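Subject: The structure we talked about

Hello,

Here is the structure I promised you, with my notes on it underneath. Please open it alongside this email and follow along.

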Amino acid sequence: AIRIKKTPSITNTSQPHSHSNTMRLSPLIFAATATAVTATKPHLRTVEVEPESKSSAHQDHSSASSSSSVSSPRTLQSSCLPSATYLGCYANKNSDRALPLEAFGPKSRGHTAQECQAGCLSRGYTVFAREFKGQCFCGNGSDYAKHGVAMGCDCCGDNVGASRFCAWEAGASAPGCDGSGSDHSAYLGCYANRKNDRALPVQVPGKGHTVMECEQACEAMGMSRFAREWKGQCFCGNESHDYTKHGGETGCDCCGDNVGGNKMCVYVNGNMNR
């Protein structure tokens, strides 16, 4: 006969005990886990919000990038020369200039965009360009693009860039006028002026002068730059006088009864090659 020996096996007794312990520990583990999950839920929610925050940060970064484009050539050009149409940044060659005339003589440098504009307009050219360290070139038509588009122009900086230029086209209408207000002169823009430090030094006596009358009075004195201010005051000057010295202005009514206080509409006389 086979004798079956019943022994209280440690294994058998420990198994249920172990199992029992496992069963008893499981709720604790689950509770701890649940507590941990619950405790981390706010953190998880925070993490879930992060993409939105990152998106906002990205938007802020985009806005910052967008605002940093103020220093880009295209924006610089509009801030320093509001009265002309920006045509772009183009390549140029020393041996084959895209625009034929150098406004102030060969290799003359240090000219601002405003000076280039006025210098070319006074010589009968409507397209003008600023290159390198302030060289000015003049022309007409679309020849400015003959060597193709370039990149990296700093249109209003001290150095535009080598073998490249910023091109503009002049001929903007003067605010409040039909065209520029004159058949012969081109509008250069609306600029600030000061009573104790006139940007254009010679004043025509009296008030109530029209654009044409101001043009004629200054031309008679041999001056190619003129400005109409306030209730028809008229001021004259030449290339050596910086009409931009007090900065740009807005709100000029160039042909109205009142141009505006301490602001003036500036022109260059196309009849005079000065």
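A definition before the findings: rings of Phe, Tyr and Trp (for Trp, its six-membered ring) are taken as a pair if their centres lie within 6.5 Å. Please keep in mind that this is a predicted model.

**Aromatic rings**

By that rule there are six aromatic pairs. One of them is Phe128 with Trp168: the ring centres are 5.6 Å apart and the planes stand at 15°, and since planes under 30 degrees apart count as stacked, this pair is stacked. It ties together distant parts of the chain, with Phe128 in strand S3 and Trp168 in strand S5, 40 residues apart. Both Phe128 and Trp168 are buried. Ring pairs also bring in Tyr86, so that Tyr86, Phe128 and Trp168 are linked into a cluster.

Another pair is Tyr191 with Tyr243. Their ring centres are 5.2 Å apart and their planes are at 75°, so this pair is edge-to-face. Here too distant parts of the chain are linked: Tyr191 sits in strand S6 and Tyr243 in the loop between S9 and S10, 52 residues apart. Tyr191 and Tyr243 are both buried.

**The sheet S1-S5-S3-S4-S2**

Five strands make up this open sheet, in the order S1-S5-S3-S4-S2, with antiparallel pairing. At its edges are strand S1 (85-91) and strand S2 (101-102); each has a single partner strand, so one side of each is left without a neighbour in the sheet. As general background, the strands of a sheet pair through backbone hydrogen bonds, either parallel or antiparallel.

To look at one pairing in detail, go to S2 and strand S4 (residues 135-139), which are joined in the antiparallel sense by two bridges. Glu102 has Phe137 in S4 as its bridge partner.

**The sheet S6-S10-S8-S9-S7**

Five strands form this open sheet too, in the order S6-S10-S8-S9-S7, and the pairing is antiparallel. Strand S6 (185-192) and strand S7 (202-204) are at the edges with a single partner strand each, so each has one side without a neighbour in the sheet. From one strand to the next, the twist averages 30°.

S6 runs antiparallel to strand S10 (residues 263-269), and seven bridges join the two. Within S10, Tyr267 is the residue that stands opposite Tyr187.

**Helices on the sheets**

Helix H3 (residues 113-121) packs on the sheet that holds S6, touching S6, strand S8 (225-229) and S10, and its direction makes about 155° with that of S6. Helix H4 (residues 211-220) packs on that sheet as well: H4 touches S6, S7, S8, strand S9 (233-237) and S10, at about 140° to the direction of S8. H3 also lies across strand S3 (127-131), S4 and strand S5 (164-169), running at about 145° to S3.

Which residue of H3 might you click on? Try Gln117, which lies in helix H3. Is Gln117 buried or exposed? Its relative accessibility is 0%, so Gln117 counts as buried. Leaving aside residues up to four places away in sequence, Gln117 touches Leu81, Ser83, Ala84, Phe128, Ala170, Tyr187, Leu188 and Tyr243. Among these contacts, Phe128 and Tyr243 belong to the ring pairs described above, and Tyr187 is the residue opposite Tyr267.

**Loops**

Most residues other than glycine have a negative phi. Phe132 has a positive phi, near 50°. Phe132 is found in the loop between S3 and S4, and with a relative accessible area of 22% it is partly exposed. Trp230 also has a positive phi, near 45°. The loop between S8 and S9 is where Trp230 is placed, and Trp230 counts as partly exposed at 30% relative accessibility.

Last, have a look at Asp154, in the loop between S4 and S5. Asp154 is partly exposed, at 29% relative accessibility. How far apart are Asp154 and Cys89 in space, C-alpha to C-alpha? The distance is 8.9 Å, although 65 residues separate Asp154 and Cys89 in sequence.

Happy viewing, and all the best

Methods
Residues are numbered from 1 along each chain as its sequence is written. This is a predicted model: local features need pLDDT of at least 70, side-chain atom pairs count only at pLDDT 80 or more; totals for chains, interfaces and linings use all residues. Side-chain values use heavy atoms; hydrogens and water are left out. Two strands pair if DSSP finds at least two bridges between them. Helices (H or I, at least four residues) and strands (E, at least two) are DSSP runs, numbered from the N terminus. Axes are lines fitted to C-alpha atoms, for helices over the stretch in contact, and angles run from 0 to 180 degrees between N-to-C directions. Contact means heavy atoms within 4.5 Å. Buried means under 20% relative accessible area, exposed over 50%, partly exposed in between (1.4 Å probe, protein chains only). Rings of Phe, Tyr and Trp (its six-membered ring) pair if their centres lie within 6.5 Å; planes under 30 degrees apart count as stacked, over 60 as edge-to-face and the rest as tilted.
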